[in-house]
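Let's take a friendly walk through a protein fold, moving from its sheets to its helices and pockets. Keep the 3D view open as you read.

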Amino acid sequence: MQNSDLKIFDASNAVRTFGHGKKLVTAVDGVTFDIKDGEIVSLVGGSGCGKSVLAKIMLGLHRQTSGTFLYKGKEITDLKEHWREVQSVFQDPFSCFNQFFTIRSQLKAAFGIYKTKPSDKEMEDRVDQALLAVNVKPSEVAGKYPFELSGGQMQRMLLARIFVLRPQVLIADEPTSMVDACVRANILDYLMKLKEELNMTIVFITHDIGLAYYVSDRLFIMHKGKIVEQGAPDDVTVNPKCEHTVQLLEDIPEIHKEWIKR
């Protein structure tokens, strides 16, 4: 059951730096925002803008250098506990699977994050259901290793893993950037299916504002570590207030022209 008043993430002047002295780099620079239960929010920006670092803060892989960053009103301290509720999919699925173990064995191993594992039969059934949810017959991956599958198939395996784990929050970092247009559309369909079936909150990380427009409840535009603009997709794209938003729109002129006509 979703609670639209619950703040899943709540950041106040959050900063993340790397290095020291002259080599100090500010990857996330004083961001303030919140993401509510059940929302789909996209962090949109070019390469090096800080969106992936911010995603890693959400996952607990980085901690803010200063400011506050809360998950459901609390600091992220216990990573295993956090990962029971917050999971991710990344742009390179091959880096997320061990090449020396079968796909099925690794999907079953995902249950290890639970405090209490289901029975072996329930795990087998859940893996079968997860594979079917992403339109893969269990027999198609029986005995298969990651290197035997295509990039598009491996992206489906990442999404199947999310169906297995059933988290409350999904961080999707450029999950469609390495696949062709047809597979990209399928992956977006699966993400929407995940949201509907699992009542998830989704944070979508992308450089493609056109893609973000169609899947999001709100857009956060990032540039040089800052959130320079945020709001509903129509507000941000039809009446952009920041030059960096305009630049992102100009990268997809055919979509931009359609929006301007509205």
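## Starting in the six-stranded sheet

Strands β5 and β6 run parallel to each other and are paired over 4 bridges. To find one of these matches, look for Ser88, which stands opposite Ile171 in β6. Please keep in mind that you are looking at a predicted model.

On to the next pairing: β6 is also joined to β7, again in parallel, by 5 bridges. Here Leu170 has Ile202 of β7 as its bridge partner. Strand β7 (residues 201-206) in turn runs parallel to β3 (residues 40-44), with 5 bridges between them. Within that pair, Val41 is matched with Val203 of β7.

What is the order of the strands across this open sheet? The 6 strands follow the order β5-β6-β7-β3-β8-β9, and the pairing is mixed. At the edges are β5 and β9 (226-231), each of which pairs on one side only. On average, neighbouring strands here are turned by 20° against each other, direction ignored.

## A strand covered on both faces

A small reminder helps with the next step: side chains in a regular strand alternate between the two faces of the sheet. Now take β6 and ask how many of its residues are buried. The count is 5 of 5, so β6 is largely enclosed by the rest of the structure.

You can check this face by face. Val169, Ile171 and Asp173 are buried on one side of β6, and Leu170 and Ala172 are buried on the other. Both faces of the strand are therefore covered, as "buried" means a relative accessible area under 20%.

## The three-stranded sheet

As a general point, strands of a sheet pair through backbone hydrogen bonds, either parallel or antiparallel. Which of these two senses is found in the open sheet ordered β2-β1-β4? The pairing of its 3 strands is antiparallel. β2 (25-36) and β4 (66-71) are the edge strands with a single partner each, so one side of each has no neighbour in the sheet. Neighbouring strands of this sheet are turned by 20° against each other on average, direction ignored.

Strand β1 pairs with β2 over 9 bridges in the antiparallel sense, and Ala11 stands opposite Phe33 in β2. The two strands form a hairpin with 6 residues between them, and Gly19 in the turn has a positive phi of about 80°. Towards β4, strand β1 (residues 7-18) has 5 bridges, also antiparallel. In β4, Thr68 is the residue opposite Ser12.

## Helices on the sheets

Helix α1 (residues 51-59) lies across strands of the six-stranded sheet, namely β3, β5, β6 (169-173), β7 and β8 (218-223), and runs at about 155° to β7. Helix α6 packs on the sheet too, touching β5 and β6, with its direction at about 165° to that of β5.

The other sheet also meets α1: this helix lies across β1, β2 and β4, at about 60° to β2.

For a look at a single helix residue, find Asp125 in α4 (residues 120-133). Its relative accessible area of 29% makes Asp125 partly exposed. The C-alpha atoms of Asp125 and Val164 are separated by 9.8 Å, while the two residues are 39 apart along the chain.

## Two pockets

Rolling a probe the size of a water molecule over the atoms shows where empty space is left. The largest pocket has a volume of about 240 Å³. Its lining is made up of Leu59, Leu61, Trp83, Val86, Gln87, Ser88, Phe90, Cys96, Leu158 and Arg161. Strand β5 (86-89) and helix α6 (151-165) each supply at least two of these residues, and β5 gives the most, with 3. Sorted by class, the lining has 7 nonpolar, 2 polar and 1 charged residues.

How does the lining of the second largest pocket divide by class? There the residues are 2 nonpolar, 2 polar and 6 charged. Among them are Lys72, Lys74, Glu75, Asp78 and Glu81. Helix α2 (residues 79-85) gives the most to this lining, with 3 residues, and the volume of the second largest pocket is about 180 Å³.

Technical notes. Residues numbered from 1 in each chain as written. Predicted model: local features only at pLDDT ≥ 70, side-chain atom pairs only at ≥ 80, totals over all residues. Heavy atoms only, no water. 1 Å grid on protein atoms, 1.4 Å probe; cavity = no way out; pocket = protein on both sides within 12 Å on 5 of 7 lines; lining within 4 Å. Points joined across faces, edges and corners; volume = space filled by probe spheres on them. Nonpolar A, V, L, I, M, F, W, Y, C, P; charged D, E, K, R; others polar. Pairing = 2+ DSSP bridges. Axes fitted to C-alpha atoms, helices over the stretch in contact; angles between N-to-C directions. Contact = heavy atoms within 4.5 Å. Buried < 20%, exposed > 50% of the residue type's maximum accessible area, 1.4 Å probe, protein only.
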